[in-house]
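Here's a quick walk through one model, starting from a single residue and working outwards. Have a look at the structure first.

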Amino acid sequence: MEHLVGRIQATNYLYFTKDELDARGHNKPLYIIVRCQDCTIGKVLVDNSSTLNVLPKYMLDEILIDPTRMLPSTMTARAYDGSPRQVVRTIEIELFINQQAFLVTLQVMDIHLSYNMLLGRPWIHATSAVTSSLHQCLKYIVNGTLVTVKAE
């Protein structure tokens, strides 16, 4: 009973329950779906180990972003294998996740990935989101309401 009362009195807390676990077990990355303008983008990787938010260059054609909104970049990033990769441009765009709008700065890179976009620590920390690849979801609080985004 005390546990239930504690949950009712607690506000702005994030938690994951056993009910949210996949009983079969897995070792999958956390992919979500986002919307940008009139484009729905699946297979968006949410990754705690990435220091960048990355948009592959080939996705720019899909999203139809005004090129005047992109800024040149001289940044060089390190890929997972340690090789240097040039950031071609930087762009700030509005992404919708579960009807919630987020203004996200993305580094555009001319690379081919197994996913369509990467949301790393800059986005995770800005939204105060908590991710769980074990539970295959992420959670954040908006206006005192707990929002859960399940993996695609």
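## Around Q136

Let's start with the company Q136 keeps: leaving aside residues up to four places away in sequence, Q136 touches H26, K28, P29, L30, V149, K150 and A151, where a contact means heavy atoms within 4.5 Å. This is a predicted model, so local features need pLDDT of at least 70 and side-chain atom pairs count only at pLDDT 80 or more, while totals for chains, interfaces and linings use all residues. Residues are numbered from 1 along each chain as its sequence is written, and side-chain values use heavy atoms, with hydrogens and water left out.

Q136 sits in the loop between β9 (130–132) and β10 (137–142); strands here are DSSP runs of E with at least two residues, numbered from the N terminus. Is Q136 buried or exposed? Its relative accessibility is 14%, so Q136 counts as buried (under 20% relative accessible area, 1.4 Å probe, protein chains only). The Q136 side chain also reaches the backbone oxygen of S133, at 2.9 Å.

## The sheet next door

β9, β10 and β11 form an open, antiparallel sheet of three strands in the order β9-β10-β11 (strands pair if DSSP finds at least two bridges between them). β9 and β11 (145–150) are at the edges with a single partner strand each, so one side of each has no neighbour in the sheet.

Three bridges join the antiparallel β9 and β10, and S132 stands opposite C137 in β10.

## The whole protein

Buried residues account for 38% of the 152 residues in the protein.

Methods: Buried < 20%, exposed > 50% of the residue type's maximum accessible area, 1.4 Å probe, protein only. Helix = DSSP H or I, 4+ residues; strand = E, 2+ residues; numbered from the N terminus. Polar contact = N/O pair within 3.5 Å; in protein donor to acceptor, adjacent residues only side chain to side chain.
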